[in-house]
Amino acid sequence: TVSVLYWPIRELHRRRDRARTRPCCEPASSLSAPPAHTMSTIRGNKQEIKPGFFSIQREADGGGQLLAFFNETDDKQFNVCYVIPEGKIEALGRTAVGDGGKYAVSVYPQETVEFIKGTWRSFKRSLSFGAPDKEWQAKNAARKNQQGEED
């Protein structure tokens with residue numbers, strides 16, 4: 001007998017979309033409201049990782065390095081995960097901390113996020129991106145509706 005594994009198409013798409021927008025460890029806190037600014041508010045050495053997505057690194061107050069991300073796109077969410085095996089690291093903002101030196105954050109459209117600060121020798125980075133998740137889209141739509149009512 002031959003056994004066939006059958007997945008409904010809808011389930012395959014759901015799994016694909018969830019894998020595309022989920023970081024290696026889940027964010028520690030709820031989503032932030034979309035920011036009103038469109039430019040990076042953190043100064044430092046900016047490096048484009050993917051089109052429209054930048055890492056920003058500079059010296060941190062009190063020594064070490066500060067690492068942040070800036071997403072200048074209007075329609076992409078970037079999920080970043082760093083594995084840092086050795087170092088003295090402090091997670092910033094809504095950065096999630098996992099086992100084995102994992103640090104992860106989701107960066108939504110037009111958002112600048114502080115990620116980590118400290119000292120490290122090496123890291124391994126993974127990055128995924130796609131459409132912003134439904135929760136963020138709902139908050140963004142509510143914010144736009146509220147702004148329309150105020151005008």
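Student: What makes Glu90 count as partly exposed?

Tutor: Its relative accessibility is 42%. Buried means under 20% relative accessible area and exposed over 50%, with partly exposed in between (1.4 Å probe, protein chains only). Glu90 at 42% falls between the two limits, so partly exposed is the term for Glu90. This is a predicted model, in which local features need pLDDT of at least 70 and side-chain atom pairs count only at pLDDT 80 or more, while totals for chains, interfaces and linings use all residues. Residues are numbered from 1 along each chain as its sequence is written, and side-chain values use heavy atoms, with hydrogens and water left out.

Student: How do you know that Lys117 forms a salt bridge with Glu90?

Tutor: The closest N and O atoms of Lys117 and Glu90 are 4.0 Å apart. The rule asks for a side-chain nitrogen of Lys or Arg within 4 Å of a carboxyl oxygen of Asp or Glu, so the pair of Lys117 and Glu90 is counted. Lys117 is in strand S8 and Glu90 in strand S5 (residues 87–91), 27 residues apart, and the pair links distant parts of the chain. Strands (E, at least two residues) and helices (H or I, at least four) are DSSP runs, numbered from the N terminus. Lys117 has a relative accessible area of 26% and is therefore partly exposed.

Student: How many salt bridges does the count come to?

Tutor: The count comes to 2 salt bridges. Glu111 and Arg94 also meet in one, at 2.7 Å from N to O. Glu111 belongs to strand S8 and Arg94 to the loop between S5 and strand S6 (96–98), 17 residues apart.

Student: Why are Glu111 and Arg94 called buried?

Tutor: Glu111 has 4% relative accessibility and Arg94 has a relative accessible area of 12%. The limit is under 20%, so both residues meet it.

Student: What makes the aromatic pair of Phe53 and Phe78 stacked?

Tutor: There are 9 aromatic pairs by the ring rule. For Phe53 and Phe78 the centres are 4.2 Å apart, with 15 degrees between the planes. Rings of Phe, Tyr and Trp (its six-membered ring) pair if their centres lie within 6.5 Å; planes under 30 degrees apart count as stacked, over 60 as edge-to-face and the rest as tilted. Both values for Phe53 and Phe78 satisfy the limits, so the pair is stacked. Phe53 lies in strand S2 and Phe78 in strand S4 (residues 77–83), so parts that are 25 residues apart in sequence are tied together. Phe53 and Phe78 are both buried.

Student: Why is the aromatic pair of Tyr108 and Trp136 called stacked?

Tutor: Here the separation is 6.0 Å centre to centre and the planes are 5 degrees apart. The first value is within 6.5 Å and the second is under 30 degrees, so the pair of Tyr108 and Trp136 is stacked. Tyr108 is in the loop between S7 and S8, and Trp136 is in helix H2 (residues 134–150), so the pair ties together parts 28 residues apart in sequence. Both Tyr108 and Trp136 are buried.

Student: Which residues do ring pairs link into a cluster?

Tutor: Phe53, Phe69, Phe78, Tyr82, Phe115, Phe123 and Phe129 are linked in this way.

Student: What makes the charged end of Lys46 sit over the ring of Phe54?

Tutor: The charged end of Lys46 is 5.1 Å from the centre of the Phe54 ring. The test is NZ of Lys or CZ of Arg within 6 Å of the ring centre and within 35 degrees of the ring normal. The distance of 5.1 Å meets the first limit, and Lys46 is listed as sitting over the ring.

Student: What is in the largest nonpolar core?

Tutor: A nonpolar core is a set of buried Ala, Val, Leu, Ile, Met, Phe, Trp, Tyr and Cys residues joined through side-chain atoms within 4.5 Å. The largest has 15 residues, of which Leu67, Phe69, Tyr82, Ile84, Phe115 and Ile116 touch the most other members. Strand S3 (65–71), S4, S7 and S8 each supply at least two residues, and S8 gives the most, with 4. Another core, of 8 residues, lies apart from this one and includes Phe54, Ile56, Leu66 and Ala68.

Student: Why is Ser55 counted as buried?

Tutor: Ser55 has 7% relative accessibility, which is under 20%, so the term applies. Ser55 is found in strand S2 (residues 53–59).
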